[in-house]
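Morning, everyone. I have one structure for you today, and I'll walk you through it from strands to single residues. Here it is on the screen.

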Amino acid sequence: VQLQASGGGLVQAGGSLRLSCAASGSAFRRYIMGWFRQAPGKEREFVATIGRSGGNIVYGDSVRGRFTISRDNAQNTGFLQMNGMQPEDTAVYYCAATARSSVSHPWTTRTAGYDYWGQGTLVTVSS
């Protein structure tokens, strides 16, 4: 599967953005999907994950209550709705996917749990 993340940009603190992750090349419904982010000089950080049918949703501590992950298997697209954004949310955001049947929580919150990655989309939050 190929993943294409989009929707990043510049937003003021308190604002919202919606990221999309378009999948091609294979049936999206076969894949667990995750979002990660990486700020300059920092390690890649888990943001959220969603199961194949839209269940098994888990959020990272820093985004819980502000971000919402979802997916539309008919459109082969995943989403990350980001509300109440703060400057510390500034990062390159990556979508990822895995079709491995053996992967489950907590591995879905780790980069090693994913086999396919999008190219990343930059999100900048100004104060």
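One term before we start. Two strands count as paired if DSSP finds at least two bridges between them. Keep that in mind, since I'll be naming bridge partners. And a caution: this is a predicted model.

Let's start with the whole chain. It has 0 helices and 11 strands. Read from the N terminus, the elements run β-β-β-β-β-β-β-β-β-β-β. The radius of gyration is 13 Å, and the globule rule gives 14 Å for 127 residues, so the chain is as compact as a globular protein of that length. Along the principal axes, the C-alpha atoms fill a box of roughly 40 × 25 × 25 Å.

What share of the 127 residues is buried? The figure is 43%. Now the contacts. Take those with a separation of 6 or more. Of these, 58% are between residues 24 or more positions apart.

Next, a sheet. This one is open and has 4 strands. The order is β1-β3-β8-β7, and the pairing is antiparallel. Which strands stand at the edges? They are β1, residues 2–6, and β7, residues 67–72. Each has a single partner strand, so one side of each is left without a neighbour in the sheet. On average, neighbouring strands here are turned by 15° against each other, direction ignored.

Look at one pair inside that sheet. β7 and β8 run antiparallel, joined by 6 bridges. For a landmark, find Ile69: its bridge partner in β8 is Leu80.

Stay on β8 for a moment. This strand covers residues 77–82, and Thr77 is in it. Is Thr77 buried or exposed? Buried means under 20% relative accessible area. Thr77 has 10%, so it is buried. A polar atom of the Thr77 side chain lies 2.8 Å from the backbone oxygen of Gln75. Leave aside the neighbours within four places in sequence, and Thr77 is in contact with Ser20, Cys21, Ala22, Phe28, Arg71 and Asp72.

Pick Cys21 out of that list. It takes us to the disulfide. How many disulfides does a search of the whole structure find? The count is 1. The bond joins Cys21 to Cys95, with the sulfur atoms 2.2 Å apart. This pair links distant parts of the chain. Cys21 is in strand β3, Cys95 is in strand β9, and they are 74 residues apart. The torsion about the S-S bond is about 70°, so the disulfide is right-handed. What about burial? Cys21 has a relative accessible area of 0%, so it is buried. Cys95 also has 0%, so it is buried too.

That brings us to β9, the strand that holds Cys95. β9 covers residues 91–98. Why call β9 largely enclosed by the rest of the structure? Because 7 of its 8 residues are buried.

Let's go through its pairings. First up is β4, residues 32–38. It pairs with β9 in the antiparallel sense over 7 bridges. There, Met33 stands opposite Ala97 in β9.

Then β11, residues 121–126. β9 and β11 pair in the antiparallel sense over 3 bridges. Val92 has Leu122 as its bridge partner in β11.

And β10, residues 116–117. β9 and β10 are antiparallel as well, over 2 bridges. Here Ala97 comes up again: it stands opposite Tyr116 in β10. So Ala97 is worth finding on the screen, with Met33 opposite it and Tyr116 opposite it.

Last stop, a loop. Ala13 lies between β2, residues 9–12, and β3, residues 17–24. Its relative accessible area is 39%, so Ala13 is partly exposed. What does Ala13 touch, not counting residues up to four places away in sequence? The list is Met85, Gln86, Pro87, Val125, Ser126 and Ser127. Compare Gly54, 41 residues from Ala13 along the chain. The C-alpha atoms of the two are separated by 29 Å.

To recap. There are 11 strands and 0 helices. There is an open sheet of 4 strands. β9 is largely enclosed, because 7 of its 8 residues are buried. And a disulfide joins Cys21 to Cys95. That's my tour. Over to you.

Definitions and conventions. Residues numbered from 1 in each chain as written. Predicted model: local features only at pLDDT ≥ 70, side-chain atom pairs only at ≥ 80, totals over all residues. Heavy atoms only, no water. Buried < 20%, exposed > 50% of the residue type's maximum accessible area, 1.4 Å probe, protein only. Contact = heavy atoms within 4.5 Å. Disulfide = S-S within 2.5 Å. Polar contact = N/O pair within 3.5 Å; in protein donor to acceptor, adjacent residues only side chain to side chain. Axes fitted to C-alpha atoms, helices over the stretch in contact; angles between N-to-C directions. Rg over C-alpha atoms; globule rule 2.2 N^0.38 Å.
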